[in-house]
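Please open the structure in your viewer and keep the sequence beside it, since this tour moves from one selection to the next.

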Amino acid sequence: PVVFLKRAMGVPLRVFPNPANGYIWVDLRMIQMPGSLMIVLRDMQGRKVLERSLERHELSGMIRVPVAQLKSGYYQLMVYSADRTVLGAENLLIRNR
């Protein structure tokens, strides 16, 4: 199936550390959206390897996301609004031991 995504422009997204080992922090303080958000992590083949829904009360700061279960490699983290608008995306290198 073909999926079309809307993209919001100008929303800064910080993900660190990068490269990551064990966990990442996603800084959501600059995203001012009503309702819930979703964090999705995809591998370089486009497979969804992690998905986390966030309710409004979780969006006031930084979110810790465990990635120790993932293989080392390159990933793309995307943040979506409730209506599937892409609010931000960041490439990420995971170096788990």
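Begin by selecting Asp 27, which is buried, with a relative accessible area of 6%. Bear in mind throughout that this is a predicted model.

Which residue forms a salt bridge with Asp 27? Add Arg 14 to the selection: the two residues form a salt bridge in which the closest N and O atoms are 3.9 Å apart, a distance that falls within the 4 Å allowed for such a pair. Now show the strands as well, because Asp 27 lies in strand β2 (residues 23-27) while Arg 14 lies in strand β1 (residues 14-16), so the pair ties together parts that are 13 residues apart in sequence. Arg 14, unlike its buried partner, is partly exposed, with a relative accessible area of 47%.

A search of the whole structure finds three salt bridges, and the tour continues with the others.

Select Asp 43 and Arg 47 next, whose side chains meet in a salt bridge at 2.7 Å, taken from N to O. With the surface switched on, look at each partner in turn: Asp 43 is buried, at a relative accessible area of 11%, whereas Arg 47 is partly exposed, at 49%.

Finally, move to Lys 48 and Glu 51, where the side chains meet in a salt bridge with 2.6 Å from N to O. Here Lys 48 is partly exposed, with a relative accessible area of 43%, and Glu 51 is likewise partly exposed, with a value of 42%.

As a closing thought for each stop, side chains of opposite charge can pair when their charged atoms come close.

Notes:
Residues are numbered from 1 along each chain as its sequence is written. This is a predicted model: local features need pLDDT of at least 70, side-chain atom pairs count only at pLDDT 80 or more; totals for chains, interfaces and linings use all residues. Side-chain values use heavy atoms; hydrogens and water are left out. Helices (H or I, at least four residues) and strands (E, at least two) are DSSP runs, numbered from the N terminus. Buried means under 20% relative accessible area, exposed over 50%, partly exposed in between (1.4 Å probe, protein chains only).
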